Amino acid sequence: MSGSLRLAGHAKDLGGGFKVRRLLPAVQRQAVGPFLFFDHFGPVTVEPGAGHDVRPHPHIGLATVTYLFSGAIMHRDSLGCVQQIEPGAINWMTAGRGIVHSERRPESLANQSFVNHGIQLWAALPQAHEEAEPSFVHTPSAAIPQVQVGDATVRVLIGEAFGHTSPVATYSPTLYLDVLLPAGAALEIPALVQEMAVYAVDAPVQLNAELLDAQLLAVMEAGQLMRLVAGDSAVRLMVIGGDALDAPRHMWWNFVSSRKDRIVQAASDWEAQTMGQVPGEVEWIPLPEHRFKG
């Protein structure tokens with residue numbers, strides 16, 4: 001088998017008709033390396049007046065990793081950071097002990113139609129860093145290493161591959177690659193980290209001589225290389241991975257922790273609105289009616 005597990009994901013409506021394909025977490029697998037949340041959103045045309053804005057909401061115990069293929073998102077957070085997220089850049093937000101952020105349409109695109117398409121990941125922070133100071137780091141597209149490997153173009157978004165190292169700082173060994181494979185081209189990726197998986201964004205691909213359909217996540221067996229061969233059309237592939245989690249994580253709503261009581265505390269803090277506010281914003285997303293049982 002080319003992958004020990006293949007995940008098809010499921011559709012999730014985030015509100016306002018904004019739907020994503022959620023690959024992680026899955027019943028069969030909580031995480032690949034530190035990544036325990038994988039949303040593929042779009043391509044979706046955002047029309048003027050569309051209700052796709054995500055109002056202020058909190059996180060703990062994780063880092064969000066946002067990457068766009070097309071479009072734009074305006075990030076604002078309780079640290080006062082304001083950053084327009086654009087294609088090719090890596091935006092790493094460490095929630096740690098707690099952060100609040102919103103994700104909205106940029107004002108410059110208020111009266112325009114545009115296509116949003118990208119991936120959002122959550123990386124669990126190691127237990128020793130679950131309560132780290134919150135931070136937000138934007139790494140522009142131009143700072144991301146890009147390498148030609150045969151006919152393939154590989155962008156090293158996070159971690160190390162093919163002799164190149166991303167400038168994005170992480171709390172544990174982490175891998176994130178954006179691979180463009182032209183029609184008929186082949187690429188071998190060795191086992192660079194303990195756990196690895198590959199996602200076919202927009203077309204099928206041969207993975208170790210077996211077909212991997214578009215929008216499937218193939219989780220590799222430990223130590224197994226990937227031999228990828230594109231078919232009659234070019235394919236975009238996202239490779240994720242890293243060291244295995246140091247302990248299972250509890251996930252509820254936007255909170256991740258190795259401790260159940262910490263999630264209960266975070267829910268109470270958000271309900272009391274003591275986790276911070278995004279400057280200039282007066283809205284917020286309330287806690288879900290279905291509460292974490294602990």
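## Burial and an aromatic pair

A residue counts as buried when its relative accessible area is under 20%, as exposed when that area is over 50%, and as partly exposed in between. In this model, which is predicted, F292 has a relative accessible area of 22% and is therefore partly exposed, whereas W252, with a relative accessible area of 10%, is buried.

The structure has nine aromatic pairs by the rule applied here. One of them is formed by W252 and F292, whose rings lie 6.4 Å apart from centre to centre with 50° between their planes, an arrangement that counts as tilted. Because W252 belongs to strand β25 (residues 250–252) and F292 to the segment that follows α1 (260–271), this pair ties together parts that are 40 residues apart in sequence. Elsewhere, ring pairs link F35, Y67, F69 and Y176 into a cluster.

## The helix α1

Helix α1 consists of 12 residues and reaches 17 Å from its first C-alpha to its last, which is close to the 16 Å expected at 1.5 Å a residue. Within α1, the residues R262, I263, A266, A267 and W270 are buried. These residues cover an arc of only 140° around the axis, and they therefore lie on the same side of α1.

## Strand β6 and its partners

Which strands pair with β6? Strand β11 (residues 114–124) pairs with β6 in the antiparallel sense over eight bridges, and strand β9 (residues 90–94), which also runs antiparallel to β6, is joined to it by four bridges. Individual residues show how these strands are matched: L62 has A124 as its bridge partner in β11, while T64 stands opposite M93 in β9.

Strand β6 (residues 62–70) has nine residues, and eight of them are buried, so the strand is largely enclosed by the rest of the structure.

## A hairpin of β7 and β8

Strand β7 (residues 73–77) and strand β8 (residues 82–85) run antiparallel and are joined by four bridges, with Q83 in β8 serving as the bridge partner of H75. The two strands form a hairpin that has four residues between them, and in its turn G80 has a positive phi of about 95°.

## An open sheet of four strands

Strands of a sheet pair through backbone hydrogen bonds, and they do so in either a parallel or an antiparallel manner. In this structure, an open sheet is formed by four strands in the order β18-β23-β20-β21, and their pairing is antiparallel. The edges are occupied by β18 (186–189) and β21 (210–212), each of which has a single partner strand, so that one side of each is left without a neighbour in the sheet. From one strand to the next, the twist averages 30°.

The pairing at one of these edges can be followed in more detail, since strand β20 (residues 205–207) pairs with β21 in the antiparallel sense over three bridges, and L207 has E210 in β21 as its bridge partner.

## A polar contact of a buried arginine

R22 lies in strand β3 (residues 19–24). Is R22 buried or exposed? Its relative accessibility is 14%, and R22 therefore counts as buried. The side chain of R22 makes a polar contact with the side chain of D39, at 2.7 Å.

Note on methods
Residues numbered from 1 in each chain as written. Predicted model: local features only at pLDDT ≥ 70, side-chain atom pairs only at ≥ 80, totals over all residues. Heavy atoms only, no water. Phe/Tyr/Trp six-rings, centres within 6.5 Å; stacked < 30°, edge-to-face > 60°. Buried < 20%, exposed > 50% of the residue type's maximum accessible area, 1.4 Å probe, protein only. Pairing = 2+ DSSP bridges. Axes fitted to C-alpha atoms, helices over the stretch in contact; angles between N-to-C directions. Polar contact = N/O pair within 3.5 Å; in protein donor to acceptor, adjacent residues only side chain to side chain. Expected span 1.5 Å × (residues − 1). Arc of directions from axis to C-beta.
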